[in-house]
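Here are a few short exercises to help you find your way around a new structure. Try each task yourself before you read the solution below it.

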Amino acid sequence: MKKKSTKEKILDALEDKKKISINPPPRDGKCEVCGKNVKDLKPFGKEGDPLVGNFDGALLVKTYRDFAGWISASWECRDCIILNDKDYLKKVK
Ligand SMILES: [Zn+2]
């Protein structure tokens, strides 16, 4: 069985999330990885965005990461959501 890459897993998780209703991120919240305030973030777009799925206009998207069975859920900006696990761990506050 082919092992899924981190990106594939994230895309799967995003695919799942489209089917369920998720809570909106805190309005005055921050990216839980880089700590940038939503005021300073660029919204997710459609065309050319690294993400599959329609997050147009969203500032933070809830992302699930699996670290050897430990599931981490965090609100992440478009710069952080594409990080691999190693870069994520380096950057996370
Ligand atoms: Zn971020």
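**Exercise 1: Two strands side by side**

Start with one pair of residues: Y64 stands opposite A73 in β2. Keep in mind as you look that this is a predicted model.

Task: Work out how strands β1 and β2 run relative to each other, parallel or antiparallel, and how many bridges join them.

Solution:
- Step 1. Locate the strands: β1 covers residues 61–67, and β2 covers residues 70–76.
- Step 2. Add a second pair to the one above: R65 stands opposite S72 in β2.
- Step 3. Compare the two pairs. Going from Y64, which faces A73, to R65, which faces S72, the numbers go up in one strand and down in the other.
- Step 4. The strands are antiparallel, and seven bridges join them.

**Exercise 2: The turn of the hairpin**

Task: Find how many residues lie between β1 and β2, and say which residue in the turn has a positive phi.

Solution:
- Step 1. The two strands form a hairpin, with two residues between them.
- Step 2. A68 sits in this loop between β1 and β2, and its phi is positive, about 50°.
- Step 3. Check the residue type: A68 is not a glycine, although its phi is positive.
- Step 4. Is A68 buried or exposed? A68 counts as exposed because it has 5 C-beta neighbours inside 10 Å, and the cut-off for exposed is 12 or fewer.

**Exercise 3: Two buried residues**

Task: Decide why L59 and R65 both count as buried, and find what R65 touches.

Solution:
- Step 1. Recall the cut-off: a residue is buried if 20 or more other C-beta atoms lie within 10 Å of its own.
- Step 2. L59, in the loop between α1 (6–19) and β1, is buried because 22 other C-beta atoms lie within 10 Å.
- Step 3. R65, in strand β1, counts as buried because it has 21 C-beta neighbours inside 10 Å.
- Step 4. Leaving out residues up to four places away in sequence, R65 touches S72, D85 and Y88. R65 and Y88 are 23 residues apart in sequence, and their C-alpha atoms are 9.6 Å apart in space.

**Exercise 4: Into the core**

Task: Find how many residues the largest nonpolar core has, and which residues C77 is in contact with beyond its neighbours within four places in sequence.

Solution:
- Step 1. The largest nonpolar core has 13 residues.
- Step 2. Those with the most contacts inside this core are C31, V33, L60, V61, C77, C80 and I81.
- Step 3. Take C77 from that list: with its neighbours within four places set aside, C77 is in contact with C31, C34, K36, L41, L59 and L60.

**Exercise 5: The whole chain**

Task: Describe the pattern of the chain and say where confidence is lowest and highest.

Solution:
- Step 1. The chain has two helices and two strands, in the order α-β-β-α along the sequence.
- Step 2. Buried residues make up 19% of its 93 residues.
- Step 3. The mean pLDDT of the chain is 77, and 72% of its residues reach 70 or more.
- Step 4. Confidence is lowest in α1, at a mean of 69, and highest in helix α2 (residues 85–91), at 90.

Methods:
Residues are numbered from 1 along each chain as its sequence is written. This is a predicted model: local features need pLDDT of at least 70, side-chain atom pairs count only at pLDDT 80 or more; totals for chains, interfaces and linings use all residues. A nonpolar core is a set of buried Ala, Val, Leu, Ile, Met, Phe, Trp, Tyr and Cys residues joined through C-beta atoms within 7 Å. Two residues are in contact if their C-beta atoms, placed from the backbone, lie within 7 Å. Helices (H or I, at least four residues) and strands (E, at least two) are DSSP runs, numbered from the N terminus. Two strands pair if DSSP finds at least two bridges between them. pLDDT is the predictor's confidence in each residue, from 0 to 100.
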